[in-house]
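Colleague: I'm new to this one, so could you walk me through it? I'll ask, and you answer step by step.

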Amino acid sequence: MASSSSQRSCQQQQRHGKKQPSTGCTSSRVCRCVRVFFGHLFSNLGLFAIVVGYVLLGALMFENLEAEFELQQRGNIKRYRDDCLKELWQITERLNVLYEQNWTQLVHEQLRRFETNVVAAAKLEGYDGKDLLDSERQWSFSGALLYSVTVITTIGYGNLAPKTPAGKILTIIYAVFGVPLMLLCLSNLGHLLANTIQFAYSHVCCSRQRGRSASRRRRHTPCRHVVNAQCTEEGISPTAILTIPPPEQFKKRPPPPPPRLTPLKPKLLAQDVRQLLVECAEYTAAQAVESAASHQVLHDLRHTDHTALDDEDLDSASRYHRQLNTLFGSSLERNANTPTKQPLIQCSPPASVPSTTMSSLQQRQSCSMELPAPGSACSSDTSERSRSSSSSCEAESNNKRRRVPVTLVLVILSGYICLGATVFAAWEDWSLLDGAYFCFITLSTIGFGDLVPGKSFQRAANPDGGQIQLVVCCAYLLVGLVLIATAFSLVQEEVVLKCTKAARWIGISTK
Amino acid sequence: MERKRSSRHRQRYRKRKTTCDKIKDFIREFIAFMFSNVGIIGLVVGYTICGAFMFQAIEGTEASDDREEAIKDIHSARSKTRDRLWEITQKFNVLEEEAWREQAASEVLKFQMEVIDAINKGYDGVDDVKDLSETSQWSFSGAFLYSLTVITTIGYGNVAPKTEWGKVATIFYAIIGMPLFLLYLSNIGDILAKSFKWSYAKCCLCRGCGGNRDSRSVSPENSVAVQVPEIIDETDEQYEESHIESTLGDSVKDDTITVPVTLCLAIMVGYVCGGAILFSKWEDWDFLDGSYFCFISLSTIGFGDIVPGDQIYASKGLDMSFIFCSMYLMLGMAIIAMCFNLMQEEVIHKFRSCVKAVKNCCSCSGARDDDVDTAPIE
């Protein structure tokens with residue numbers, strides 16, 4: 001039945017003169033998947049390349065501006081030292097008879113003055129105690145690189161800070177352009193990674209479930225047509241049709257719940273879509289949830305004319321879909337009604353503000369329908385199979401996937417922090433707590449700067465050792481921030497859900 | 001008869017509401033108020049104050065111990081150098097400048113190294129151990145500023161925990177505090193944005209007066225249906241007013257009146273400059289340093305190289321500096337959240353059209369199939 005319906009849908013499409021790739025439906029699907037993937041990758045890679053270029057450019061500029069001043073400071077300290085010595089000599093010369101007390105008192109004062117100069121230089125001008133003859137500088141290329149990265153990620157260590165006026169002005173301008181750029185890149189990469197991980201996770205889960213329930217599959221033939229119907233090609237696939245574009249204006253809040261039930265005029269629907277909606281409505285009626293309304297919807301759906309796909313069908317389809325959602329209450333909440341404890345009709349709400357800029361373009365708020373046939377044992381198979389087959393169909397549409405659990409994401413994050421902690425503790429001779437503290441403070445973009453890798457190496461005899469640490473620190477930073485963006489994008493919806501649930505349980509919001 | 005019975009039942013039921021229920025209701029209302037738009041300010045300030053006490057208790061004693069040690073080191077270094085220099089001077093029966101200088105130079109260099117070491121330990125020029133408590137970094141206001149920099153993720157670093165317990169406490173304090181502060185920003189930013197939009201519409205556009213009256217005649221169903229499922233206290237009258245205004249504004253005004261991006265940018269720049277002038281006057285910085293400090297703080301980069309009240313030989317007036325700095329930061333970040341909120345729509349719209357144009361250029365021919373298929377959805 002499904003194959004005939006899919007063939008009919010192909011024919012219908014051809015009848016309406018839409019472009020049909022000559023080599024058949026499968027290869028066009030694959031082509032489209034590949035093209036979309038490369039489109040996304042290119043835009044992401046392009047952005048990433050821009051950020052890398054920006055950081056390198058910043059490193060060059062800051063190194064040029066600040067390295068001179070640093071060397072100047074070293075020269076200043078040398079001058080202070082020479083002045084101090086001169087003074088001491090003059091003290092010694094002046095006193096014809098050297099009395100210990102007089103001399104020591106004068107010398108003491110002189111030393112005090114010298115010490116004040118050194119302290120002022122260290123605190124205000126960033127003097128690090130090195131000599132003019134030392135080859136390594138704080139403002140080496142890798143130091144400036146780490147500095148640029150900390151500016152645009154708003155971590156801002158501060159162990160290295162611009163002291164020249166030009167450096168300060170440049171920092172301000174650099175940050176004004178760099179911070180939004182970095183946020184954009186992070187959100188992009190985060191979404192890309194989140195989609196990949198969710199895809200892989202659902203695949204892994206599906207394959208595991210498929211293996212488990214392979215025996216049960218043969219018994220429940222009524223399920224199959226549902227699965228196949230979801231996998232029809234071209235634009236007729238119900239998942240594509242039921243795609244609802246995201247609202248125009250993104251706000252931080254999740255979308256408002258659907259409006260109240262209004263009576264519908266029966267409209268023209270595509271065969272498969274109506275089939276699915278009918279089954280869904282049947283299920284709803286069977287569950288005796290607001291049976292009057294659901295029976296009405298069922299009646300409307302059953303008694304419409306069979307005609308081809310039209311532009312208006314999208315409106316009606318989405319309206320039916322919304323109605324069925326209302327019938328189940330907020331679809332994100334009353335999960336307990338469906339046998340698999342998954343929502344019957346699931347919509348992924350739009351992402352919240354910081355990451356919306358690219359997500360609004362890449363993601364569509366799509367709804368997929370899981371139709372458990374009457375008989376609960378079948379439903380898990382349908383859901384899994386539908387998920388796996390649909391996820392292999394269209395890479396871009398956000399079909400319902402098994403969500404990555406929050407605990408897994410948290411475990412991954414803490415694992416990354418621990419990894420960084422062990423590596424840096426081993427390199428810098430810190431304690432493990434210091435390493436974890438450093439990683440946490442860095443990745444949360446607080447960035448105190450009291451502990452920064454490379455410092456201890458710079459003090460040691462090996463001059464070049466410190467540079468590698470700094471570059472590794474940069475890389476760790478960037479990867480960690482991307483991971484955090486990914487984590488946000490993965491668990492956002494769930495966390496918001498849980499928070500609103502908790503708020504309702506406490507009784508804060510009364511709806 | 002039945003009606004009387006039912007009313008009597010109702011009365012009895014009402015009396016049965018125990019004190020326990022009343023307490024629960026009161027607690028619920030209190031929590032709702034605290035998380036509501038105005039109460040969250042109090043929550044954030046309260047959290048920061050608690051953090052200040054906590055960090056002061058944990059770090060205060062340790063820090064002064066370290067600094068005492070540093071001061072002792074400096075004193076001993078000074079005396080040692082002085083004695084060594086005296087020995088050198090005594091050794092020479094005939095004082096020759098060159099020879100004497102050579103030997104003295106190494107001593108002075110050693111002294112310099114020891115000063116640097118002491119600075120790393122925490123020495124900052126305060127010589128007398130007695131003055132330590134007055135100029136402690138971990139005074140109450142210093143700890144308050146520190147807690148604020150943790151939850152806003154500014155993270156200056158001029159004051160940083162040195163003890164293990166301090167570091168662990170910082171991590172947990174941040175894990176709870178950062179989402180709280182983000183909630184504060186989003187709530188207050190929303191309120192400020194709405195009230196700013198409303199006052200902008202009223203003041204700047206004369207037509208807004210008539211427009212307001214018209215929009216108020218729109219049926220209240222709209223305002224009820226468009227729910228804001230945030231954590232809000234719906235009995236807060238002040239919010240309800242602005243809520244109705246805003247929902248009506250959402251439906252009617254947002255389409256026609258958006259605050260221009262230039263105005264938002266001007267507000268932000270003005271705030272930074274205003275802060276720069278104030279801080280440069282109080283702290284004796286020049287204007288560039290002041291604006292540099294304000295910008296770096298408000299963007300949450302937070303180097304910490306320049307912080308008000310952090311000079312060497314700090315005077316006693318640093319308490320007010322820190323408190324004012326904290327208030328400036330909290331207000332500033334709320335204003336930035338408001339400006340982002342106002343600019344958001346326009347910027348996203350412009351950005352989307354930009355990226356669409358770029359994407360159309362990049363995947364020209366091949367994407368035509370896609371466009372045709374997905375066109376009805378868009």
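Modeller: Sure. First, a term we'll need: buried means under 20% relative accessible area, exposed means over 50%, and partly exposed is in between. Also keep in mind that this is a predicted model.

Colleague: Let's use that right away. Is Lys80(B) buried, exposed or partly exposed?
Modeller: Lys80(B) has a relative accessibility of 46%. Buried would need under 20% and exposed over 50%, so Lys80(B) counts as partly exposed.

Colleague: Which residue does the side chain of Lys80(B) meet in a salt bridge?
Modeller: The partner sits 34 residues away along the chain, in helix 4 of chain B, while Lys80(B) is in helix 3 of chain B. The partner counts as partly exposed because its relative accessibility is 28%. With an N to O distance of 3.1 Å, the partner is Glu114(B).

Colleague: How many salt bridges are there over all chains?
Modeller: One of them has Asp83(B) and Arg82(B) as partners, with the closest N and O atoms 4.0 Å apart. There is also a network linking Arg84(B), Glu87(B), Glu107(B) and Lys110(B). Searching the whole structure gives a total of 15.

Colleague: Which residue of chain B forms a salt bridge with Glu115(A)?
Modeller: The N to O distance in this bridge is 2.8 Å, and the partner is Arg78(B). Glu115(A) is in helix 3 (residues 100-124) of chain A and its partner is in helix 3 (residues 39-91) of chain B, so the pair joins two chains. Both residues are buried, and the one you asked for is Arg78(B).

Colleague: Which helix gives the most to the negative surface patch?
Modeller: The patch is made of Glu93(A), Glu96(B), Glu97(B), Glu98(B) and Glu102(B). Glu102(B) counts as exposed because its relative accessibility is 62%. Three residues of the patch come from a single helix, the one where Glu102(B) has its place: helix 4 (residues 97-121) of chain B.

Colleague: And the nonpolar patch, how much accessible area does it have together?
Modeller: Five of its residues come from helix 2 (residues 25-94) of chain A, the largest share. Leu60(A) lies in that helix and, at 46% relative accessibility, counts as partly exposed. Leu45(A), Phe48(A), Val52(A), Leu56(A), Leu60(A) and Phe141(A) together have about 500 Å².

Colleague: Is Leu47(A) buried or exposed?
Modeller: Leu47(A) has its place in helix 2 of chain A. Its C-alpha atom is 9.5 Å from that of Leu186(A), a residue 139 positions away along the chain. The relative accessible area of Leu47(A) is 13%, so Leu47(A) is buried.

Colleague: How far apart are the end C-alpha atoms of residues 470-491 of chain A?
Modeller: An unreviewed UniProt entry annotates this span as "transmembrane region", along with residues 45-65, 139-157, 169-189 and 406-426 of chain A. Residues 169-189 are 100% helix, with end C-alpha atoms 30 Å apart. Residues 470-491 are also 100% helix, and their end C-alpha atoms are separated by 31 Å.

Colleague: Last one: what is phi of Asp284(B) near?
Modeller: Most residues other than glycine have a negative phi. Asp284(B) has its place in the loop between helix 10 (261-283) and helix 11 (287-298) of chain B, and it counts as exposed because its relative accessibility is 71%. Its phi is positive, near 65°.

Key. Residues numbered from 1 in each chain as written. Chains lettered and ligands numbered in written order. Predicted model: local features only at pLDDT ≥ 70, side-chain atom pairs only at ≥ 80, totals over all residues. Heavy atoms only, no water. Patch = residues over 30% accessible without salt bridge, like charges linked within 9 Å, V, L, I, M, F, W, Y side chains within 5 Å. Areas by Shrake-Rupley, 256 points an atom, 1.4 Å probe, with all protein chains shown as cover. Helix = DSSP H or I, 4+ residues; strand = E, 2+ residues; numbered from the N terminus. Buried < 20%, exposed > 50% of the residue type's maximum accessible area, 1.4 Å probe, protein only. Lys, Arg positive; Asp, Glu negative; His and termini not counted. Charge placed at Lys NZ, Arg CZ, Asp CG, Glu CD. UniProt positions renumbered as here; feature names shortened; annotations may be inferred.
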